[in-house]
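Subject: Structure handover and notes

Hello,

Here is the structure you were due to receive. Please open it alongside this message, since the notes refer to residues by number.

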Amino acid sequence: MAQDVNAAPRRGKHAAHAKTDRARLSSSLPTVGPLDEQGAPRPIGVDPQSTGAFSRIASGEGATVETRDNIGRISPDSTSSWRRTGLGDDMRLTGRNRPRVSGRSQGGPDDAPSLMAQLRKHWLIMVAAGLMIVLGLLFLRSCLVAPPAEPDPQQGTQQTQTAADGTLTYQGTTFSLRRQDDGTYALVGQTPDAQSGETYMQLSGTPVQLVLYNGAIIIPENLDGSWDVLAYTVGTGSVGAQVVDADERPVGGQGQIVKVELSGSDLLVTDDAGTTTAVSLA
């Protein structure tokens, strides 16, 4: 096999040629020595006498790039509302930037003061509710308790008196004391459309007064040496009876009646001896 005897010499010749080219290029470049501050290059066309020489800035001057480590030092305004508690920790808001979050109890003895505070806060609502309950009870009571009945205007006067020969009108009926054929007296009532009167009660003695008291006809009468008081209730169909006292005893006395006076719920009877007896009609 034939060998290429010219291969090695050709590579050596190429390397020698490359060194020669680098050396020639290096010798052709200008030599630049170290420059001091006054020897710094200046712009072309600028007079150094009027502008002054350019100089290098000192260490620490000029622009600084913000990083996580130096932001609190070089930009204090941007970090006035928060602070860091350590590298990698979350930022915490302070002052007016801090969120307002009320604490919530997890149960226990602290719950009682919280409940009392809420009750004090809403005391107006509680007072109003209590007032409404009281007014409701009063209204319910007024509905259950009927007011006292007022006198019916058609019934006329409820309490009055007249002489024995006078008349009283009640509920459209005119009452009077009439002497009968046998000489006795009777209580008679007559309506406007009736031809004659109706006898309601017979008397045993001589009537002294005719009294009306709340729907009842009261007749004091003189007997033989004594006196008593009769009563007839209008509209009940009764035949009349003697007025009795609290012990269910008939009211009366000795002597003869000379004066009768209606005073409130009492009938004051004065006899010929000057004794006045109060007869309760209530």
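The notes below go from the whole chain to two sheets, then to a surface patch and the salt bridges.

**Whole chain**

Please keep in mind that this is a predicted model. The chain has 282 residues, and 19% of them are buried. Its secondary structure consists of five helices and 16 strands. The exposed area of the chain is about 21,600 Å², of which carbon and sulfur atoms supply 54%. Among the contacts with a separation of 6 or more, 34% are between residues 24 or more positions apart.

**The four-stranded sheet**

An open sheet is built from four strands in the order β4-β5-β6-β7, with antiparallel pairing. Its edges are β4 (167-170) and β7 (198-202); each has a single partner strand, so one side of each is left without a neighbour in the sheet. From one strand to the next, the twist averages 30°. As background, strands of a sheet pair through backbone hydrogen bonds, either parallel or antiparallel.

Going through the sheet pair by pair:

- β4 and β5: strand β5 covers residues 173-179 and is joined to β4 by four bridges, the two running antiparallel. L168 stands opposite F175 of β5, and T169 stands opposite T174 of β5. The two strands form a hairpin with two residues between them, and Q171 in the turn has a positive phi of about 55°.
- β5 and β6: strand β6 covers residues 185-190 and pairs with β5 over six bridges, again in the antiparallel sense. T174 has Q190 of β6 opposite, while S176 has V188 of β6 as its bridge partner. This pair is also a hairpin, with five residues between the strands, and G183 in the hairpin takes a positive phi near 90°.
- β6 and β7: four bridges join these antiparallel strands. A186 stands opposite Q202 of β7.

T174 therefore appears twice in this list, which fits the strand order: β5 lies between β4 and β6 in β4-β5-β6-β7.

How much of β6 is buried? Five of its six residues are, so the strand is mostly covered.

One residue of β5 can be followed in more detail. T173 belongs to that strand. Is T173 buried or exposed? Its relative accessibility is 11%, and it counts as buried because the cut-off for burial is under 20%. Leaving out residues up to four places away in sequence, T173 touches L168, G189, Q190, T191 and Y200. Of these, L168 is the residue that stands opposite F175, and Q190 is the one opposite T174.

**The three-stranded sheet**

A second open sheet has three strands in the order β14-β15-β16, and the pairing is antiparallel here too. β14 (257-263) and β16 (276-280) are at the edges; each has a single partner strand, so one side of each lacks a neighbour in the sheet. Neighbouring strands of this sheet are turned by 20° against each other on average, direction ignored. Strand β15, residues 266-271, runs antiparallel to β16 and is joined to that strand by five bridges. Within this pair, L268 has A278 of β16 as its bridge partner.

**A nonpolar patch on the surface**

L131, M132, V134, L135 and L138 form a nonpolar patch on the surface. Together these residues have about 510 Å² of accessible area. One of them, L138, is found in helix α5, which covers residues 123-144.

**Salt bridges**

How many salt bridges does a search of the whole structure find? There are two. Side chains of opposite charge can pair when their charged atoms come close. In one bridge, the side chain of D245 meets that of R249 at 3.5 Å, N to O. In the other, R249 meets D247 at 3.4 Å, N to O. The bridges share a partner, and D245, D247 and R249 are thereby joined into one network.

The two acidic residues can be placed by accessibility. D245 is partly exposed, with a relative accessible area of 29%. D247 is exposed, with a relative accessible area of 54%, because the cut-off for exposed is over 50%.

Regards

Methods: Residues numbered from 1 in each chain as written. Predicted model: local features only at pLDDT ≥ 70, side-chain atom pairs only at ≥ 80, totals over all residues. Heavy atoms only, no water. Axes fitted to C-alpha atoms, helices over the stretch in contact; angles between N-to-C directions. Buried < 20%, exposed > 50% of the residue type's maximum accessible area, 1.4 Å probe, protein only. Contact = heavy atoms within 4.5 Å. Areas by Shrake-Rupley, 256 points an atom, 1.4 Å probe, with all protein chains shown as cover. Patch = residues over 30% accessible without salt bridge, like charges linked within 9 Å, V, L, I, M, F, W, Y side chains within 5 Å. Salt bridge = Lys/Arg side-chain N within 4 Å of Asp/Glu carboxyl O.
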